[in-house]
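Welcome! Here is a short tour for anyone meeting this structure for the first time. Have a look at the model, then read on.

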Amino acid sequence: MSDLVFYTNPMSRGRIVRWMLEEVGQPYEARILRWETGDAKTADYLAINPMGKVPAIVHDGTVVTECAAICAYLADAFPEAGLAPPAHSRLRGPYYRWLFFGAGPIEQAIGAKAVNLEPTPEQRSSLGFGCMEDVLGVLEGAVKDRAYLVGETFTAADLYLASHLSWGMNFGMIEKRPAFETYAERHLQRPAARRADEIDDALIHQAQPTA
């Protein structure tokens, strides 16, 4: 058994963490939880994540849930992969800023759109994301004409935001803008991203019923 165990489903946010694990390059054991059999709601899994959601990891006995938290943890646990600025670097600030902008305003804005919630101007001040237009405007300013969000190297923040942009544009939840398409496509061409997609796409194919 590996000391790094990954709980996921190939049709979930677990794809983000799969990519992160492939970037890290350390051996890991993947355990696939099937929706149709209720695997994520079993007592054994709820002891790991009481929310009954994936992804989650267990590393040397430490449980981490939530995609952004897992990405941040893995970047720090395996610094040799170079996926985060050094601990005392001034770049750590913008790195955290954009990583958690993805976990906060972007996810909130997408969730609101998914349930057809359009906040009124009066409601926007009470919501962390304000409104979708504001979120996309800030995000476009962050990625336009830039290869990376932080410094001159790829980080977990790029991985997280590129994942959300790709998913959101593919499913019509995020408006396609040239800056978004250029930024996301650049990072989705990374070898680790391709490997991760191949693994998860193969799992989806295997789960398809045969005629």
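## A buried cysteine

Cys71 counts as buried, because its relative accessibility is 0%. Please keep in mind that this is a predicted model, so every value here is computed from predicted positions.

Cys71 has a neighbour of its own kind: the closest cysteine sulfur to that of Cys67 is the one in Cys71, 6.3 Å away. Cys67 is buried too, at 6% relative accessibility.

## Why the cysteines stay unbonded

A disulfide is a covalent bond between the sulfur atoms of two cysteines. To count as one here, the two sulfur atoms must lie within 2.5 Å. The sulfur atoms of Cys67 and Cys71 are 6.3 Å apart, and therefore too far from each other for a bond. A search of the whole structure agrees, with 0 disulfides found.

## The helix around them

Both cysteines belong to helix α3, which spans residues 67-77. The buried residues in α3 are Cys67, Ala68, Ile70, Cys71, Ala72, Leu74 and Ala75. An α-helix has 3.6 residues a turn, so residues three or four places apart point the same way.

What lies over this buried part of α3? The cover includes the strands β1 (4-8), β3 (56-59) and β4 (62-65). Helices also take part, among them α1 (14-24), α4 (92-114) and α7 (156-170).

## Rings that meet

Let us turn to the aromatic residues. The whole structure holds 7 aromatic pairs. One of them joins Tyr7 and Tyr45, whose rings are tilted, with 50 degrees between the planes and 5.4 Å from centre to centre. This pair links distant parts of the chain: Tyr7 sits in strand β1 and Tyr45 in helix α2 (residues 43-46), 38 residues apart.

Are these two tyrosines, Tyr7 and Tyr45, buried or exposed? Tyr7 is buried, with a relative accessible area of 9%, and Tyr45 is buried as well, with 3%. Elsewhere, Tyr95, Tyr96 and Phe100 form one aromatic cluster.

## Two more phenylalanines

Phe154 has a charged companion: the charged end of Arg190 sits over its ring, 3.8 Å from the ring centre.

Phe171 is found in the loop between α7 and α8 (178-188). With a relative accessible area of 58%, Phe171 is exposed. Between Phe171 and Asn9 there are 18 Å in space, C-alpha to C-alpha, and the two are 162 residues apart in sequence.

Key. Residues are numbered from 1 along each chain as its sequence is written. This is a predicted model: local features need pLDDT of at least 70, side-chain atom pairs count only at pLDDT 80 or more; totals for chains, interfaces and linings use all residues. Side-chain values use heavy atoms; hydrogens and water are left out. Buried means under 20% relative accessible area, exposed over 50%, partly exposed in between (1.4 Å probe, protein chains only). Helices (H or I, at least four residues) and strands (E, at least two) are DSSP runs, numbered from the N terminus. Contact means heavy atoms within 4.5 Å. Rings of Phe, Tyr and Trp (its six-membered ring) pair if their centres lie within 6.5 Å; planes under 30 degrees apart count as stacked, over 60 as edge-to-face and the rest as tilted. A charge sits over a ring if NZ of Lys or CZ of Arg is within 6 Å of the ring centre and within 35 degrees of the ring normal.
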